[in-house]
Structures are given as C-alpha cells and as structure tokens.
Amino acid sequence: MHDTPPVDLLGGALKALRGSFRFDHVVALSRERALYHAYDLVLKRPVALRLHLIPESPGRAWFLRETETLAALDHPAVRHVYAAGEVESYAYRTNNWIDGESLADAMHRGPRPIPAVMSLARDLLSALEHAHARNIIIRRIVPTTLMLDVSGRGVVTDLRHANTCMAFETTEATQTATPFCAPEVRAGGVGEPASDVYAIGANLYYALTGQEPAGDGGALVPPRKLRAAVPAAVERVLVRALRAQPGDRYFTATEMLEDLVVDAGAFHEPAAEPQLVDAGFERRLRRALGDDYELLEELGSGGFGRVYRARDLGLEREVAIKVLHPALTADLGVVERFRREAQLAARLSHPNIVGIYDIQGRAGLQWYVMELVLGENLAQRVQRHGALSVAATERLLTEALSALEHAHGKGLVHRDLKPENTLIEPDGRLRITDFGLALALRGERFGGATSRSGTPQFAAPEQLLGERVDPRTDLYSLGAVAYFALLGRPPFDGISPEAILAQQTTDKLPRLTEQRPDVPRELEEVLRGAVASAPDDRYPTAHAFRDALERVTGGLWHKLLLLLRPA
Ligand SMILES: Nc1ncnc2c1ncn2[C@@H]1O[C@H](COP(=O)(O)OP(=O)(O)OP(=O)(O)O)[C@@H](O)[C@H]1O
Ligand SMILES: [Mg+2]
C-alpha cells in the first residue's frame with residue numbers, strides 16, 4: 001500500500017527548496033516521505049534528495065535520527081550524507097546519487113560472479129568494522145537496499161533500523177522479520193557486532209547461491225551444495241557467520257574478513273596438508289591469486305616451480321596453475337623472457353598441446369594458467385603400469401609429431417620434451433605441456449652455475465653443448481621419450497650432462513628389439529632416425545618423422561602383427 005503525501009504539502013516542500021535544488025524526477029513517495037533524483041545547484045552535482053514532510057509525525061524524529069547515524073559514518077561502502085536541514089516545516093537530506101542497481105535487481109540475472117562476491121564481502125565487512133567502531137550496529141542489511149555501484153562496489157544505503165534509531169522506529173518494526181537479519185534481531189533485540197556479521201553472511205550467501213539462508217532455524221544448506229564452484233574456505237566462513245548463536249559466529253567483522261582473505265582457497269582435504277615450509281608459500285600464493293583462483297591441490301613440482309590444480313572463480317572451471325619459483329622471478333630479465341615465451345606459446349592451438357589461458361604476476365609471484373589435464377604424465381604412467389605397448393607408443397608418437405608440426409610451423413621449439421611434460425589423458429590422448437618455457441627459464445644451456453639443470457636425459461646433444469637448437473632438437477627428445485615409453489628408462493643414462501653427452505655421441509643406442517621382442521624392427525629403425533647425435537642425420541622435420549612412422553605403422557601387415565603380438 002503506497003500512500004502518497006498530500007499534493008500541496010509536497011508542492012510546498014519543493015518550493016521551499018527550489019533555490020538550492022533542481023528536482024529532476026521523483027523516485028519514491030510515501031505518506032510522509034519523498035525521494036527525488038535532484039541536482040544540487042550550489043555544489044553542482046546530482047544528489048539523492050529525501051524529504052520528510054510532516055513535522056508533528058513520529059516519523060520525523062526517526063528521519064532525523066537516521067540522518068545523524070548516516071552522518072556519523074564516513075566509509076565508501078556506506079551512503080554519504082552531503083547535507084541535511086530543516087526548511088519551514090520540512091526536513092531533508094541529500095546523499096550521493098549511486099549509479100548502479102540493488103543486489104536484489106542484480107540477482108534477477110542470476111547469482112553473482114564469485115570474484116564479485118568476494119570483493120563485495122571486503123567492502124561490506126570493512127564498512128561494518130567502521131560502523132562498529134562508532135557503536136553503530138546496522139542490524140538490517142537486505143538485498144533491496146544494498147546497492148552495487150557501476151564499479152560493482154557494495155554500498156549500504158539504509159540505516160533506519162540501526163541500534164541508534166531503534167527508540168524512534170514507528171511502524172516498520174516488522175521489517176526486521178527477514179532471513180537476512182540475525183535471529184536475535186528478528187526477535188527484536190538491539191543486536192551486537194555479530195548480528196551484522198550474520199547479515200553480511202546472509203547477503204553473501206544469497207549473492208553466491210541465489211537462495212536466502214534458512215531463516216526459520218532450519219539447517220543451513222551449505223553453499224557448495226547449491227553452487228559447486230564456491231571455494232571451500234568461503235563456505236566455511238559463511239557457515240560460521242550464519243550460526244544461530246551470536247557467540248558461535250565471528251566476534252568482529254575484521255575477524256571474518258581476515259579469515260576470508262587469508263584462507264580463501266584453502267585445501268579441500270587435510271590429506272593434502274602442506275609441509276610447514278610450504279604453508280608459508282601457499283598462503284602467499286593464495287593471497288596473490290586473490291579472488292581469481294581457488295587453490296585446490298598440488299599436482300607436482302619441477303625445476304622451475306610448482307603446478308597446482310585450481311579453480312578459476314570467474315569462469316567456474318578447473319585449471320592448472322604453474323607458479324614459478326620465487327628465486328627465478330627475482331630476475332626481471334627472466335620474467336620478461338618468460339612472458340614473451342608464454343605469449344608465443346599462447347598462440348598454439350592444437351588438440352595435443354596444453355593450451356595457455358593466462359599469465360599473471362602479483363605480490364612477487366609469477367604464474368601462468370593452463371588447461372588442466374586429468375590423468376598422469378608419461379613418467380608416472382610407466383612407473384605405475386610399466387612400459388607402454390607398441391600401439392600406445394605409436395599413438396603417442398603420432399600425436400606428438402602432429403603437435404610438433406603445428407608448433408614448429410609457428411616458429412616455436414619446445415626445447416624440453418620429456419616424460420614429465422608428456423601428459424596422458426584417461427582416454428589415452430597425449431597433451432604436451434610447457435612449450436618454450438625451458439628457454440625462458442633456463443636459457444639455452446643445461447647445467448652450469450647460474451641455471452637450473454633440468455633433466456638432461458632427454459636433451460639433444462646440441463642442447464647439452466649449449467649450441468643452437470632448432471626443430472630437430474625436439475625430434476631428438478621425442479625419440480628419446482619413445483625409447484623411455486618402450487623400455488621404461490631413457491636411452492642414455494647418467495648423472496651429469498657430460499656423462500650423457502659422452503654416450504650420445506657414440507650413437508650406441510640400446511637394442512630395443514632385444515629387450516622388447518614385440519617391437520617391430522622397422523619401428524626401431526624409425527626411432528634411430530630421430531635420435532642421431534648429429535642434427536643433420538635426423539629427420540629434417542616433424543612431418544618427415546611422421547611420414548617415416550606412418551610407412552611402418554600404416555600397413556595392414558603391421559596392424560596384423562600388433563594384433564598377433566599384444567604387449
Ligand atoms: N596442465 C597440467 N595439467 C595437469 N597436470 C599438469 C599440468 N602441467 C603439469 N602438470 C603436472 O605437474 C607436474 C609438475 O610440472 P612441472 O612442469 O612443474 O615439472 P616438470 O615437468 O617435472 O619439470 P619442468 O619444470 O622441467 O617442466 C608435471 O610432472 C605434471 O604431472
Ligand atoms: Mg613441466
């Protein structure tokens with residue numbers, strides 16, 4: 001029921017304020033009050049102008065009290081009072097005009113993006129802390145009056161039910177009977193800081209899930225039941241903020257904020273519990289990843305950094321994140337090179353190459369985000385299940401050569417093909433990762449005092465010598481990887497690059513067919529053509545390698561052989 005004020009009363013008020021304001025349009029009217037979009041003629045800016053029309057009504061004192069309460073707060077996430085006054089029998093106040101929409105309106109388009117909710121949480125919790133320090137408990141924060149400005153910042157606009165106004169409230173006390181108010185406020189209590197913690201928790205829960213939290217004392221549905229991509233740590237924080245008993249919630253807004261900021265992205269399973277030294281690093285990483293990614297678990301680590309499974313909170317999908325070791329990124333030259341190589345690698349688009357999504361650096365850490373490959377790398381595969389069958393090795397070779405052809409065609413040499421960078425999806429599809437990054441991070445040379453040594457077993461002789469690499473370097477490494485797949489160990493072993501180099505240059509390869517009678521001699525010949533120590537003795541291109549492979553594997557006779565001799 002929307003009563004409107006008597007026309008003459010409203011007309012009188014507008015007239016009384018005409019010298020200071022231009023009234024652009026009316027936004028809302030009730031029996032005693034009016035809200036206008038207006039223009040301040042003195043300060044020359046748009047304002048929200050609220051009028052209170054009836055001096056003798058109890059609503060007048062309430063209006064003035066809310067104005068005072070708003071004026072006591074000076075925080076970007078609370079609506080500002082610009083001016084207030086009483087002219088003739090009218091009272092008014094002006095606030096900043098907020099371009100934007102209410103949370104309730106935004107929710108018509110569906111739950112909010114997770115990073116947006118995280119930043120909303122920060123805005124609101126810091127506003128709460130500001131209010132609580134001034135003994136103001138807001139008590140009622142609901143999506144219809146919680147504004148989101150055009151930059152997405154949350155702004156509390158309604159303080160009518162704050163503790164400071166309670167003595168003056170007139171008719172609208174039932175307004176606190178909403179699931180967004182803490183149970184003790186719903187029951188008519190003055191509330192405490194933890195009551196506002198509840199209110200914020202309720203709004204965040206709603207923004208994330210689209211559901212109001214159970215207000216009737218029923219059990220709270222965990223947010224992740226409603227939206228699986230909600231970070232585990234955020235769920236934990238919300239569940240605590242929404243406890244029925246104020247004493248079970250966060251004591252202060254800052255406590256909730258800290259918990260949210262420090263822990264967002266915590267590990268799911270305690271089983272993945274990081275070691276003590278790691279805890280510091282992961283915490284730092286989580287902070288650097290901010291609202292964009294939730295860290296889920298460590299997948300492995302190598303010479304240059306660590307790889308994590310993570311969730312992209314903006315796109316709500318799982319990704320892999322490779323974070324470079326901080327010692328590497330201290331060198332700005334390395335970071336620069338890394339960015340350039342990542343840009344090149346990001347141009348690759350091939351079903352057998354792990355795609356790069358993004359590269360970012362923050363808080364002294366540098367990482368890139370890539371497609372997550374579920375499955376295992378070739379080294380793990382061989383370790384767990386033994387050497388690959390001939391058919392599986394041929395598939396791996398065919399797919400890898402197709403990937404290399406694509407990359408070499410774009411001028412990119414991998415430089416670090418090895419079993420750890422050769423990922424195998426559950427359906428057997430090969431995915432090559434870390435294209436070009438070895439150059440950026442290690443430089444051209446293996447070993448040496450300044451560089452991380454990497455894995456020399458799969459490097460070509462020219463790499464170990466620090467000479468120029470070209471596409472044929474990758475063909476050598478792939479050949480060595482194929483040997484590894486079939487033998488379960490690299491063709492040349494040794495602890496130092498020098499020791500390996502010495503064996504490579506003799507071109508004395510282990511006899512595949514001796515250890516694996518099921519390997520066709522023709523296939524062995526094809527592989528030997530890849531791992532020749534002199535680049536000129538190898539296939540000139542990935543294409544030529546693939547042709548040679550196809551000649552051996554394409555024939556009917558070969559397929560029949562494979563059928564007759566399963567590994
Ligand atoms: N996109 C990905 N999806 C899933 N797992 C991955 C992905 N990228 C890498 N991994 C896993 O993470 C592990 C660690 O990778 P990382 O690149 O840090 O080390 P590495 O490959 O052993 O050595 P290097 O640092 O020389 O590349 C890999 O062995 C692989 O199993
Ligand atoms: Mg790798």
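Two residues are in contact if their C-beta atoms, placed from the backbone, lie within 7 Å. The structure is a predicted model, and the exercises below work through its helix packing, domains and ligand shell.

**Exercise 1.** Determine which residues of α14 and α21 meet, and how the two helices are oriented.

Solution.
- Step 1. Take the axes: those of α14 and α21 come within 9 Å and cross at roughly 155 degrees.
- Step 2. Angles over 145 degrees count as roughly antiparallel, and α14 and α21 are therefore roughly antiparallel to each other.
- Step 3. Give the hand: the α14 and α21 crossing is left-handed.
- Step 4. List the residues. From α14 come Glu394, Leu397, Thr398, Leu401, Leu404, Glu405 and His408, and they meet Ala542, His543, Phe545, Arg546, Leu549 and Thr553 of α21.
- Step 5. Sort them by class: six residues of this contact are nonpolar, four polar and three charged.

**Exercise 2.** Describe the packing of α14 on α17, including the hand of the crossing.

Solution.
- Step 1. Locate the helices: α14 covers residues 390-409 and α17 covers residues 471-487.
- Step 2. Their axes lie 11 Å apart, at an angle of about 165 degrees.
- Step 3. With the cut-off for roughly antiparallel at over 145 degrees, α14 and α17 are therefore roughly antiparallel to each other.
- Step 4. The crossing in which α14 passes α17 is right-handed.
- Step 5. On the α14 side the contact is made by Thr393, Leu396, Leu397, Ala400, Leu404 and His408; on the α17 side, by Pro471, Asp474, Leu478, Ala482, Ala485 and Leu486.
- Step 6. By class, the α14 contact with α17 has nine nonpolar residues, two polar and one charged.

**Exercise 3.** Find the residues that join α20 to α21, and their classes.

Solution.
- Step 1. Helix α20 (residues 521-528) packs on helix α21 (residues 542-553) at an angle of about 175 degrees, and the axes are 9 Å apart.
- Step 2. That makes the pair α20 and α21 roughly antiparallel.
- Step 3. Glu522, Leu523 and Val526 of α20 make the contact with Ala548, Leu549 and Val552 of α21.
- Step 4. Five of the residues in this contact are nonpolar, none is polar and one is charged.

**Exercise 4.** Place ligand 1 with respect to the domains.

Solution.
- Step 1. The chain divides into domain 1 (7-96), domain 2 (100-264), domain 3 (281-371) and domain 4 (376-564).
- Step 2. For scale, 52 Å separates the C-alpha centres of domain 1 and domain 3.
- Step 3. There are 24 residues around ligand 1, and Gly300, Gly302, Val307, Ala320 and Glu420 come nearest.
- Step 4. Two or more shell residues each come from β9 (293-301), β10 (305-312), β11 (317-324) and β13 (365-371).
- Step 5. The shell holds nine nonpolar, nine polar and six charged residues.
- Step 6. Since domain 3 and domain 4 both give residues to the shell, ligand 1 lies between them.

Conventions:
Residues numbered from 1 in each chain as written. Chains lettered and ligands numbered in written order. Predicted model: local features only at pLDDT ≥ 70, side-chain atom pairs only at ≥ 80, totals over all residues. Near = placed C-beta within 6 Å. Helix = DSSP H or I, 4+ residues; strand = E, 2+ residues; numbered from the N terminus. Nonpolar A, V, L, I, M, F, W, Y, C, P; charged D, E, K, R; others polar. Domains from an automatic or database assignment. Axes fitted to C-alpha atoms, helices over the stretch in contact; angles between N-to-C directions. Parallel < 35°, antiparallel > 145°, perpendicular 65-115°, else oblique. Left-handed = near helix turned anticlockwise from the far one by under 90°.
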